[in-house]
Protein chains: 2
Amino acid sequence: MKAAFLAIGDEIVGGLTTDTNSGFIAGELRAVGVEPVGGFSVTDDEDGIARTLERALEDADLVVCTGGLGPTADDLTTAVVARVAGRGLVLDEASLAHIEARFRMRGFDMPPNNRKQALFPDGATIIPNPNGTAPGFVVRVDRSGHERWVACFPGVPRETRAMVRDWLVPWVAARQPDRRFLSRTYSTFGLTESRLDELLAGVVAADEARLAFRAAFPRIQARLTVAGAPGDDLEGRLDALEARVRERLGHHLFAVGDEGMEETVGRLLRERGLTLAVAESCTGGRIGDWVTNVAGSSAYFLLGVATYSNEAKEKVIGVRAETLAAHGAVSTQTAEEMAQGVRRLAGADVGLSTTGIAGPGGGTPEKPVGTVCVGLAWEGGVWSRRYDLGDRGRDWIKGTTAQVALDRVRRWLLGAMD
Amino acid sequence: MKAAFLAIGDEIVGGLTTDTNSGFIAGELRAVGVEPVGGFSVTDDEDGIARTLERALEDADLVVCTGGLGPTADDLTTAVVARVAGRGLVLDEASLAHIEARFRMRGFDMPPNNRKQALFPDGATIIPNPNGTAPGFVVRVDRSGHERWVACFPGVPRETRAMVRDWLVPWVAARQPDRRFLSRTYSTFGLTESRLDELLAGVVAADEARLAFRAAFPRIQARLTVAGAPGDDLEGRLDALEARVRERLGHHLFAVGDEGMEETVGRLLRERGLTLAVAESCTGGRIGDWVTNVAGSSAYFLLGVATYSNEAKEKVIGVRAETLAAHGAVSTQTAEEMAQGVRRLAGADVGLSTTGIAGPGGGTPEKPVGTVCVGLAWEGGVWSRRYDLGDRGRDWIKGTTAQVALDRVRRWLLGAMD
């Protein structure tokens with residue numbers, strides 16, 4: 001099955017909003033054997049939408065539209081799809097009740113305009129939207145004797161993602177009754193995309209599985225998808241392939257699925273009943289921010305300090321003036337004392353620290369911009385290392401340092417330090 | 001002039017990369033009077049690119065392509081554009097020398113494949129790329145007796161943004177020799193997009209300026225563009241309109257141009273020679289992270305603490321146990337003591353604090369998820385406020401709280417507290 005994507009709205013074409021829906025949907029559909037062939041965006045113009053939809057129907061068996069399902073006059077998607085499909089519009093009472101209920105829940109009466117969101121092309125299948133007012137729909141629109149489908153979703157990514165995962169993907173899979181698909185995602189850290197590509201080269205044969213990469217800085221993900229007939233042991237095949245992938249990736253693999261590094265570290269701390277405190281210099285609070293993005297992190301995150309000045313390093317977490325004088329703020333010695341100091345101050349099991357030169361100023365020939373040190377302290381032990389990350393911008397240096405530091409906590413917890 | 005956008009590459013269509021180039025270019029071109037009419041994305045397929053380019057040329061006078069200018073076999077843009085334009089390919093010696101020089105600069109010989117990047121359709125105007133190897137080009141491709149143009153840029157956003165700003169925008173402006181354009185951007189905080197729209201309704205007449213909005217969470221921007229003939233006083237006209245905009249926006253306007261809130265706060269602190277310390281509970285380090293994203297922030301940012309536990313609040317920054325017991329960790333009283341405590345600990349001029357319930361757990365009927373308190377302390381004074389932000393997710397609550405808190409520092413510095 002070939003799919004094309006159509007994002008509808010002045011704000012998309014004019015650059016006020018970036019269309020992230022089309023790419024997300026393309027990725028989800030690829031995992032069930034769909035081939036994405038192209039994308040379109042069009043302004044809120046009736047004839048423009050109709051012309052673009054016809055073009056998309058020339059290229060693809062399934063056209064997925066996003067946007068233009070709202071209640072206002074410039075929301076034209078449903079009307080244009082009905083026109084292109086040669087069908088009338090009909091009111092769906094159940095959808096109307098759902099929309100009215102959502103307004104009541106927030107203490108309002110439904111404005112009359114929203115009634116429009118319960119109209120669908122005659123014969124369409126309605127796609128429920130648990131997170132918003134506008135339901136989606138899918139309708140058959142044959143062209144040149146071929147079966148074609150148009151599926152429409154709201155422009156709000158959160159609503160559309162859930163509808164695609166829960167409804168469209170199973171619908172597409174069900175249209176290929178003799179095929180089954182199963183995917184797993186592997187998140188890695190410390191590899192470039194091309195190095196990951198090299199590491200996994202030949203790990204699966206083309207007829208065993210589809211292997212795709214996705215760079216979602218700072219992690220790089222690989223996704224394995226296996227396909228087969230009903231009754232095939234896809235889990236078993238994926239398990240066997242995964243064993244090979246795990247062997248190749250070693251400690252670079254930090255999670256299976258979409259778990260982020262901060263979630264992995266949080267899960268491991270929680271499993272072991274350990275607590276964490278962090279002293280940040282060049283990362284300025286980013287590690288604390290990431291760690292506390294995880295719901296329930298208060299169970300293991302006791303304290304973060306961003307000791308940006310030398311005075312704060314001495315006074316708040318007890319880095320010795322002699323250490324700072326002899327080795328400088330950006331040194332493995334200072335990193336170790338920061339990790340030990342914040343661990344002691346917080347009464348935590350593990351202390352983590354960063355200190356470095358994020359630039360653009362502050363570099364020297366011995367310690368150029370991108371020089372960072374990471375420290376780790378625990379009961380009876382301490383570890384530190386200097387990294388030369390290079391100057392790829394302040395934000396990149398901060399983010400990479402934060403990720404390297406959290407990865408070190410993970411590896412320490414797993415006994416995989418080098 | 002009407003423009004369409006064409007993003008080329010399997011990774012765009014397949015959802016491995018999001019196309020941010022098309023929207024950026026559309027926004028820049030709108031400011032010089034261009035009307036964006038639609039967008040396309042297509043895989044690395046020769047016939048597919050040609051067909052899509054023809055479709056785009058049906059709709060627009062200018063088609064802006066991005067991607068597919070690299071050295072590998074699947075980089076097809078230049079060859080396809082030459083084919084569609086009915087022109088041969090010619091080698092540009094100056095571009096070849098530029099590409100060779102970029103490799104030498106990094107200590108490599110140019111691989112033979114990269115020679116391809118110095119080939120252009122015969123008669124094309126070459127667009128220099130100061131940040132990468134692949135130059136761009138623009139070539140005339142007339143259709144149905146109308147003058148049409150195709151402009152091609154690399155897929156790397158950093159390279160393309162500079163080339164668009166420095167070359168394409170002036171080129172488009174020069175093609176309208178009797179028109180001049182001038183734009184300014186106004187960044188606001190504390191308003192929804194629709195409230196901003198209402199506030200600015202009628203502030204400029206349609207023939208005075210073009211007004212566009214852009215929601216770039218957490219700030220909402222308005223952009224004014226004036227157009228006129230050569231010799232018109234566009235600066236003067238924009239100044240007069242800006243005075244009206246400023247009056248309407250009041251303290252919601254925090255910056256003219258692209259300056260972020262953390263940069264505005266940093267600039268104001270620096271101008272006044274004041275220093276800042278931050279105690280974060282629910283934001284977990286995000287304020288420190290943002291503040292230290294600004295180069296040179298070490299001049300005014302002394303210390304951040306993420307006192308996630310009550311124990312840390314007491315022990316590290318001296319919040320009194322009685323305050324925590326009587327009012328709870330999420331209270332204006334605790335926020336005030338946190339701000340005072342971190343200010344004292346750091347010896348800073350201004351102390352800022354946040355404490356709140358970021359969810360998903362931890363809410364109560366009196367203090368539901370999204371309840372946050374912000375505190376501010378200075379020599380001889382203290383301020384705090386409770387906000388009920390509502391439950392729009394942990395990340396949203398953290399980000400909004402961080403922005404509200406920094407905005408309060410800005411307003412305090414400007415004497416615009418309410």
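Q: At what angle do helix α3 (residues 46–59) and helix α4 (residues 77–85) of chain A pack, and what is the distance between their axes?
A: The angle is about 50°, and the axes are 10 Å apart. This is a predicted model: local features need pLDDT of at least 70, side-chain atom pairs pLDDT 80 or more, and totals for chains, interfaces and linings use all residues. Residues are numbered from 1 along each chain as written, and chains are lettered from A and ligands numbered from 1 in the order written.

Q: Why are α3(A) and α4(A) called oblique to each other?
A: Oblique is what remains after roughly parallel (under 35 degrees), roughly antiparallel (over 145) and roughly perpendicular (65 to 115). The angle of about 50° fits none of these three, so the pair counts as oblique.

Q: Which residues make the contact of α3(A) with α4(A)?
A: A:Glu46, A:Ile49, A:Ala50, A:Leu53 and A:Glu54 come from α3(A). A:Thr77, A:Val80, A:Val81, A:Arg83 and A:Val84 come from α4(A). Contact requires C-beta atoms, placed from the backbone, within 7 Å.

Q: How do these contact residues divide into nonpolar, polar and charged?
A: Six are nonpolar, one is polar and three are charged. Asp, Glu, Lys and Arg count as charged, and the three are A:Glu46, A:Glu54 and A:Arg83.

Q: What makes β2 of chain A and β2 of chain B (both residues 35–42) a pair?
A: Pairing takes at least two DSSP bridges. Five bridges join these antiparallel strands, so they pair. A:Phe40 stands opposite B:Phe40.

Q: What is the order of the open sheet of 12 strands?
A: The order is β6(A)-β7(A)-β8(A)-β3(A)-β1(A)-β2(A)-β2(B)-β1(B)-β3(B)-β8(B)-β7(B)-β6(B), with mixed pairing.

Q: Why is one side of β6 (125–127) in each chain left without a neighbour in the sheet?
A: β6 of chain A and β6 of chain B stand at the edges, each with a single partner strand, so one side of each has no neighbour in the sheet. Neighbouring strands of this sheet are turned by 15° against each other on average, direction ignored. In chain A, β6 and β7 (residues 136–140) pair antiparallel over three bridges. A:Ile126 stands opposite A:Phe137 there.

Q: Which strands does helix α2 (residues 21–30) of chain B lie across?
A: α2(B) lies across β1 (2–8), β2 and β3 (62–66) of chain B, at about 160° to β1(B). That exceeds the antiparallel limit, so the direction counts as roughly antiparallel. Helix α4(B) runs at about 175° to β8(B).

Q: What is the order of the open sheet of 10 strands?
A: The order is β17(A)-β16(A)-β15(A)-β13(A)-β14(A)-β14(B)-β13(B)-β15(B)-β16(B)-β17(B), again with mixed pairing. β17 (381–388) of each chain stands at an edge with a single partner strand. The twist averages 10° from one strand to the next. In chain B, β16 (residues 371–378) and β17 pair antiparallel over eight bridges, with B:Ala377 opposite B:Val382.

Q: How many residues of each chain are in contact with the other chain?
A: 52 residues of chain B are in contact with 51 of chain A. The chain B side has 23 nonpolar, 22 polar and seven charged residues.

Q: What turn and what shift lay chain B on chain A?
A: A turn of 180° and a shift of 0.4 Å along the axis do so, with an RMSD of 0.4 Å. That is the relation of a two-fold axis. The same surface serves both copies: 98% of the contact residues of chain B recur in chain A.

How values were computed:
Helix = DSSP H or I, 4+ residues; strand = E, 2+ residues; numbered from the N terminus. Axes fitted to C-alpha atoms, helices over the stretch in contact; angles between N-to-C directions. Contact = placed C-beta atoms within 7 Å. Least-squares fit on C-alpha atoms with pLDDT ≥ 70 in both.
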